[in-house]
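Me: Please take a close look at one part of this structure for me. I would like to know how its aromatic rings are arranged and what lies around them.

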Amino acid sequence: MRILISMPSLTGNVPIALVQALLSLKTKLDWEIRFGFTERVLVDRARNALAEKCLNEGFDYLFFLDDDQIPPLDVLIQMMELNKDVVVCPVADRNGEGTIALFDFQFSRIGQIKEPMVVGSGGMSCTLIRRAVLEKVAERFGKPFEFEKFNGAEISEDLNFCRRAKVVGFETWAIPMKVQHIGRRVTFTYDPEKNEVEAGII
């Protein structure tokens with residue numbers, strides 16, 4: 001089993017607490033773990049580059065972990081044992097409101113999760129994706145991760161990926177694990193006419 005742990009980074013800085021967590025991450029003996037990293041690249045392009053690396057280099061799973069998340073040490077074990085197509089951790093927001101990046105099929109927020117459940121979409125900050133999902137989404141849509149206008153609303157690259165995964169026949173599951181979010185708030189603005197995304201850090 002080959003797993004690519006992939007870290008998109010807007011700042012290029014990785015907190016020491018995250019490094020410690022990665023060094024202590026629980027895995028299994030038959031897993032081959034490799035790391036992918038992007039620096040100072042907008043999030044949609046970073047995720048696409050890492051997804052391409054996963055597909056081109058023969059990995060079985062892509063595990064996204066943003067550079068401002070501190071995951072539970074058994075997160076990969078728990079996600080793999082769930083054995084689903086896409087598994088997201090409901091990461092808390094950056095602005096202290098207490099909300100989590102988890103949504104139903106109408107993109108309304110899900111307030112809490114107590115057991116593994118199917119969801120419409122979730123943030124990719126701590127997410128495990130099976131290779132077959134990336135292949136099918138890329139085959140159907142070209143780039144797996146893109147900002148898009150959908151039903152008049154602006155959809156971020158991570159929520160849009162979950163929507164696209166559902167279109168090609170896959171489910172997104174959420175698992176109730178606590179991920180520490182230590183980053184500042186990042187905002188993204190999508191211009192559909194230019195097909196460009198601008199980012200800002202608050």
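Reply: What follows is a walk through the aromatic rings, then the helices beside them. Keep in mind that this is a predicted model.

Start with the count. The structure holds two aromatic pairs. One of them joins Phe-64 and Phe-145. Their ring centres are 5.5 Å apart. The planes stand at 80° to each other, and the pair is edge-to-face. An angle over 60 degrees is what earns that label.

Where do Phe-64 and Phe-145 lie? Phe-64 is in strand S3, residues 61-65. Phe-145 is in the loop between helix H4 (131-141) and strand S10 (148-150). The two parts are 81 residues apart in sequence, so the pair ties together distant numbers in the chain. Both Phe-64 and Phe-145 are buried.

Now turn to Phe-145 and Phe-161. Their ring centres are 4.5 Å apart. Their planes meet at 15°, so this pair is stacked. The cut-off for stacked is under 30 degrees. Phe-161 sits in helix H5, residues 157-167, while Phe-145 is in the loop between H4 and S10. These two residues are 16 apart, and the pair links distant parts of the chain.

Are these two rings buried or exposed? Phe-145 has 0% relative accessibility, so it counts as buried. Phe-161 also has 0%, so it is buried too. The cut-off for buried is under 20%.

Put the pieces together. Phe-64, Phe-145 and Phe-161 form one aromatic cluster. A charged residue joins the picture at Phe-64: Arg-47 lies over the face of that ring, at 4.7 Å from the ring centre. Elsewhere, Arg-2 has its charged end over the ring of Phe-59, 4.1 Å from the centre.

Phe-161 also leads us to a helix contact. In H5, Phe-161, Arg-164, Ala-165 and Val-167 take part. In H4, their partners are Val-133, Leu-134, Val-137, Arg-140 and Phe-141. What kinds of residues make up the contact of H4 with H5? Seven are nonpolar, two are charged and none is polar.

How do the two helices cross? Two packed helices are described by the angle between their axes and the distance between the axes. Here the axes of H4 and H5 come within 9 Å and cross at roughly 90°. H4 and H5 are therefore roughly perpendicular.

So much for the close look. To recap, Phe-145 pairs edge-to-face with Phe-64 and stacks with Phe-161.

Notes. Residues are numbered from 1 along each chain as its sequence is written. This is a predicted model: local features need pLDDT of at least 70, side-chain atom pairs count only at pLDDT 80 or more; totals for chains, interfaces and linings use all residues. Side-chain values use heavy atoms; hydrogens and water are left out. Rings of Phe, Tyr and Trp (its six-membered ring) pair if their centres lie within 6.5 Å; planes under 30 degrees apart count as stacked, over 60 as edge-to-face and the rest as tilted. Helices (H or I, at least four residues) and strands (E, at least two) are DSSP runs, numbered from the N terminus. Buried means under 20% relative accessible area, exposed over 50%, partly exposed in between (1.4 Å probe, protein chains only). A charge sits over a ring if NZ of Lys or CZ of Arg is within 6 Å of the ring centre and within 35 degrees of the ring normal. Axes are lines fitted to C-alpha atoms, for helices over the stretch in contact, and angles run from 0 to 180 degrees between N-to-C directions. Angles under 35 degrees count as roughly parallel, over 145 as roughly antiparallel, 65 to 115 as roughly perpendicular and the rest as oblique. Contact means heavy atoms within 4.5 Å. Ala, Val, Leu, Ile, Met, Phe, Trp, Tyr, Cys and Pro count as nonpolar, Asp, Glu, Lys and Arg as charged, and the others, Gly among them, as polar.
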